[in-house]
Amino acid sequence: KAWKRKYFVLANNFLLMSSTPYSSKLEKVIPLEGSNVKTTTKTSQLIFEILIRKKRNQFKAPNEGECNAWTEKIQRASKLKIKDIYRFLYELGEGQANVKVVAAKHRVTNEDCAIK
C-alpha cells in the first residue's frame, strides 16, 4: 500500500488534517467522539486505525514512541464530551426549531462562546 504524507493536529475531540504543515485550509476533520483506536505493531510498520461508525482510517507513525503517543491521545480525545471542553454558564435563548443557545467558556483558553 502506498502511503500519502498528511499532517494532523489533535484539537479537543477532532483530528484535523491538511496536506502541508503550513496549509491554511483543512482537507478533512475527523470527529473522534465514540471512536475506537486499534494498534498493529509489526517489525517494519507502526500502523494504527481509528474506527468511526464502521469507517476505518489507517495511519502510519514514524516510530513506536509516536505511535503510542498518538493512540493514547486519540483514545483520550474519543471519550471527551462537550462539558469536558466548555463550562456552560447560562441560557441565552432559543435558536431555530426550539434549540437552546447557551453561553459557555472554554475550560483551557477561557474564551467565551455560544453553543446550541
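## Starting from N13

Which residues does N13 touch, leaving out those up to four places away in sequence? The list is I30, P31, L32, E33, A77, L80 and I85. This is a predicted model, so read each contact as a feature of that prediction.

N13 sits in the loop between strand 1 (7–11) and strand 2 (14–18). Is N13 buried or exposed? Its relative accessible area is 7% and the cut-off for buried is under 20%, so this loop residue counts as buried. Two of its partners come up again below: I30 and L32 are among the residues with the most contacts inside the largest nonpolar core, and A77 is one of the buried residues of helix 1.

## The overall layout

The protein chain has two helices and nine strands. Reading from the N terminus, the order is β-β-β-β-β-β-α-α-β-β-β.

What about overall dimensions? For 116 residues, a compact globule would come out with a radius of gyration near 13 Å, but this protein chain has 17 Å. Along the principal axes, its C-alpha atoms fill a box of roughly 55 × 30 × 30 Å. Of the 116 residues, 26% count as buried. On the contact side, take the pairs in the protein chain with a separation of 6 or more: residues 24 or more positions apart account for 26% of them.

## Helix 1 and its buried side

Helix 1 covers residues 64–78, which makes 15 residues. From first C-alpha to last it reaches 21 Å, close to the 21 Å expected at 1.5 Å a residue. At the N-terminal end the cap is N63, with a side-chain oxygen 3.2 Å from the backbone nitrogen of G65.

Which residues of helix 1 are buried? They are C67, T71, I74, A77 and S78. Because they cover an arc of only 130° around the axis, they lie on the same side of helix 1. The background is simple helix geometry: with 3.6 residues a turn, residues three or four places apart in an α-helix point the same way.

## The nonpolar core

The largest nonpolar core holds 13 residues, and the ones with the most contacts inside it are L15, I30, L32, F48, I50, F59 and I74. Strand 5 and helix 1 each supply at least two of the core residues. Which element gives the most? That would be strand 5, with four residues. As a rule, nonpolar side chains in soluble globular proteins tend to be buried together.

I74 ties the helix into this picture. Not counting residues up to four places away in sequence, I74 touches L10, L15, L32, V37, F48 and I50.

## Exposed loop residues

Two non-glycine residues have a positive phi: K54 at about 70° and N98 at about 60°. Where are they? K54 is in the loop between strand 5 (46–52) and strand 6 (55–60), while N98 is in the loop between strand 7 (86–94) and strand 8 (100–106). K54 counts as exposed because its relative accessibility is 88%, and exposed means over 50%. N98 also counts as exposed, at 63%.

Y22 belongs to the loop between strand 2 and strand 3 (28–31). With 75% relative accessibility, Y22 counts as exposed, whereas N13, in a loop as well, is buried. How far apart are Y22 and Q58 in space? C-alpha to C-alpha they are 23 Å apart, with their positions 36 residues apart in sequence numbering.

Notes: Residues numbered from 1 in each chain as written. Predicted model: local features only at pLDDT ≥ 70, side-chain atom pairs only at ≥ 80, totals over all residues. Heavy atoms only, no water. Buried < 20%, exposed > 50% of the residue type's maximum accessible area, 1.4 Å probe, protein only. Expected span 1.5 Å × (residues − 1). Arc of directions from axis to C-beta. Polar contact = N/O pair within 3.5 Å; in protein donor to acceptor, adjacent residues only side chain to side chain. Core = buried A, V, L, I, M, F, W, Y, C linked by side-chain atoms within 4.5 Å. Contact = heavy atoms within 4.5 Å. Rg over C-alpha atoms; globule rule 2.2 N^0.38 Å.
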